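Trainee: Please take me slowly through one part of this model, a set of helices together with the loop that joins two of them. I would like to see how the charged side chains there are paired, and how that part is connected to the rest of the chain.

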Amino acid sequence: MSSDDNGDGGTSNVWGGRFSEATDAFVQRFTASVAFDRRLAQEDIAGSRAHAAMLRDRGVLSADDHARIAGGLDQVAAEIESGDFPWSERLEDVHMNIEARLTELVGPAGKRLHTGRSRNDQVATDIRLWLRGAIDRIASELGRLQRGTIGLARSHADTIMPGFTHLQAAQPVTFGHHLLAWNEMLERDYGRLRDCRARLNQCPLGAAALAGTTFPLDRAQTAAALGFDSPCENSLDAVSDRDFAIEFCAFAALLMTHLSRMAEELVLWTSAQFDFVRLPDRFCTGSSIMPQKKNPDVPELVRGKTGRTNGNLVALLTLMKSQPLAYNKDNQEDKEPLFDSVDTVLDALRAFADMVPAIEPNASAMREAALRGFATATDLADYLVRRGLPFRDAHEVVGKAVAHGLETGRDLAEMDLETLRRFSTSIDDDVFAVLTLEGSVAAREHVGGTAPAQVRAAAERALARIEAR
């Protein structure tokens with residue numbers, strides 16, 4: 001909050017009539033929000049334009065006052081855009097800074113703009129408008145990352161690598177198939193983002209402080225002018241609801257968790273121990289002491305920033321958990337976590353959208369790794385089942401063959417037919433077709449499987465979903 005001593009013990013701020021002394025200077029700094037909520041300036045002006053036009057149409061504002069207000073708001077917007085706007089902590093927040101400057105420019109008409117509204121419904125409208133725009137930018141960057149991921153997957157539908165469980169080599173897959181698993185995470189994130197946008201797109205304007213207003217407002221008009229689907233249904237809820245901010249931060253935390261999982265794999269894969277992929281130099285840094293180092297700093301930093309978004313979600317949940325209806329000053333604390341989550345997500349998506357298409361897989365290293373760890377053991381078990389063995393019996397047979405392989409240092413595909421038949425006479429020379437890496441991945445021809453043709457088809461379906469948005 002802000003106040004000035006007017007020389008006679010009173011206050012000169014907009015709400016000062018009730019008070020007999022000026023606000024303490026520390027309290028003024030402590031309660032002011034203009035340092036961060038000035039980010040809402042253009043949205044605040046957009047809301048004021050819509051509100052003023054509606055007041056004119058309803059006969060609450062004269063045409064002359066509306067014209068002055070509209071012209072003044074244009075000038076204020078231009079000053080903010082150019083960096084010439086005189087922001088003042090004394091005026092507490094973005095709303096009062098803009099209103100004070102408007103009144104300087106157009107006189108008493110500027111004071112009439114606030115008719116029929118409160119800063120409570122004003123800020124609730126501003127933050128929804130701002131977040132809606134941020135969501136649209138994030139959706140664009142998310143789509144760009146998905147296109148890059150799908151394009152790389154399509155190019156490597158045949159590039160064999162080990163699939164892992166418990167970080168142990170499990171079964172062979174392809175690099176393209178693995179990348180499409182990343183895309184499925186991102187596709188769910190996109191759906192959550194659009195759901196969030198749909199739920200936030202209701203307009204609080206007209207709810208005023210908490211109980212509406214006695215002026216004959218047309219809330220549907222202002223909602224439509226600002227691109228909202230409808231006015232908020234209940235005035236108490238309209239000014240106090242921050243579900244949309246929490247929902248966005250939940251989306252952000254989950255998206256960043258997915259990016260963090262991808263980042264972890266990239267960090268592992270770029271290590272000398274894996275050597276599965278190489279990142280372009282522009283996404284890495286070196287060491288100040290070890291000249292040989294090439295560190296995957298972009299994935300590591302995205303992995304680290306996930307903690308910020310998780311913390312922001314918890315902060316907003318904690319902020320709202322015990323607030324009675326309607327608006328409380330606590331809600332001033334909603335903006336910084338929300339702003340930070342938006343900034344973090346946009347930066348992380350931009351980094352990944354630039355980086356992922358430039359990943360260079362080391363196909364030979366991936367293939368060599370897939371040859372280790374008896375990755376086709378399940379294929380041998382399935383082969384035996386097709387030969388009539390119950391699966392549990394087939395599982396035991398293959399387990400014994402693997403144990404022999406561990407003793408002799410030979411993979412299943414490296415054993416001759418005579419050796420394999422020691423474990424089951426159901427094995428014939430056609431077994432080697434299923435023990436190869438290519439045979440293993442090609443055998444999974446169902447939807448969502450690893451067969452290269454299925455991977456390419458899945459990539460096309462995924463790209464079509466994005467193009468249809």
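Mentor: A salt bridge here means a side-chain nitrogen of Lys or Arg within 4 Å of a carboxyl oxygen of Asp or Glu. Side chains of opposite charge can pair when their charged atoms come close. The model is predicted, with local features needing pLDDT of at least 70 and side-chain atom pairs counting only at pLDDT 80 or more, while totals for chains, interfaces and linings use all residues. Residues are numbered from 1 along each chain as its sequence is written, and side-chain values use heavy atoms, leaving out hydrogens and water.

A search of the whole structure finds 36 salt bridges, and one of them joins arginine 68 to aspartate 65, with N and O 3.5 Å apart. Both residues belong to helix H4, where a spacing of three residues separates them by about one helical turn; helices, for this purpose, are DSSP runs (H or I, at least four residues), numbered from the N terminus, as are strands (E, at least two). The two partners differ in how far they are covered, for aspartate 65 is buried at 10% relative accessible area, whereas arginine 68 is partly exposed at 43%. Buried means under 20% relative accessible area, exposed over 50% and partly exposed in between, with a 1.4 Å probe and protein chains only.

From H4 we can follow the chain to its neighbours. Helix H4 (residues 63–82) packs against helix H5 (residues 94–106) at an angle of about 120 degrees, and their axes lie 9 Å apart. H4 is therefore oblique to H5, given that angles under 35 degrees count as roughly parallel, over 145 as roughly antiparallel, 65 to 115 as roughly perpendicular and the rest as oblique. The axes are lines fitted to C-alpha atoms, for helices over the stretch in contact, and the angles run from 0 to 180 degrees between N-to-C directions. H4 passes H5 in a right-handed crossing, the near helix being turned clockwise from the far one by less than a right angle (anticlockwise would be left-handed).

H5 also packs against helix H3 (residues 41–57), here at an angle of about 60 degrees and with the axes 10 Å apart. H3 and H5 are therefore oblique to each other, and their crossing is right-handed.

The loop between H4 and H5 holds glutamate 92, a residue that repays a close look. Its phi is near 75 degrees, a positive value in a residue other than glycine, and glutamate 92 is buried, with a relative accessible area of 3%. The side chain of glutamate 92 forms a salt bridge with lysine 329, the closest N and O atoms being 3.5 Å apart. Because lysine 329 lies in the loop between H12 and H13 while glutamate 92 lies in the loop between H4 and H5, the pair ties together parts that are 237 residues apart in sequence. Lysine 329 counts as partly exposed, at 35% relative accessibility. The pairing is part of a wider arrangement, since Glu92, Asp93, Arg119 and Lys329 are linked in a network of salt bridges.

On the partner's side of that contact, the loop between helix H12 (297–320) and helix H13 (335–355) also contains alanine 326. A cis peptide bond, with omega about 10 degrees, joins leucine 325 to alanine 326.

Three sites elsewhere make useful comparisons. Arginine 469 forms a salt bridge with glutamate 187, with the closest N and O atoms 2.7 Å apart. That pair also links distant parts of the chain, 282 residues apart, with arginine 469 in the segment after helix H20 (452–467) and glutamate 187 in helix H8 (residues 175–200); arginine 469 is partly exposed, with a relative accessible area of 37%. A positive phi, of about 55 degrees, is found at phenylalanine 374, which is not a glycine. This phenylalanine 374 lies in the loop between helix H14 (363–371) and helix H15 (377–386), and counts as buried at 15% relative accessibility. Finally, tryptophan 130 in helix H7 (residues 119–155) is buried, at 6% relative accessibility, and its C-alpha atom is separated by 6.5 Å from that of leucine 40, 90 residues apart along the chain.
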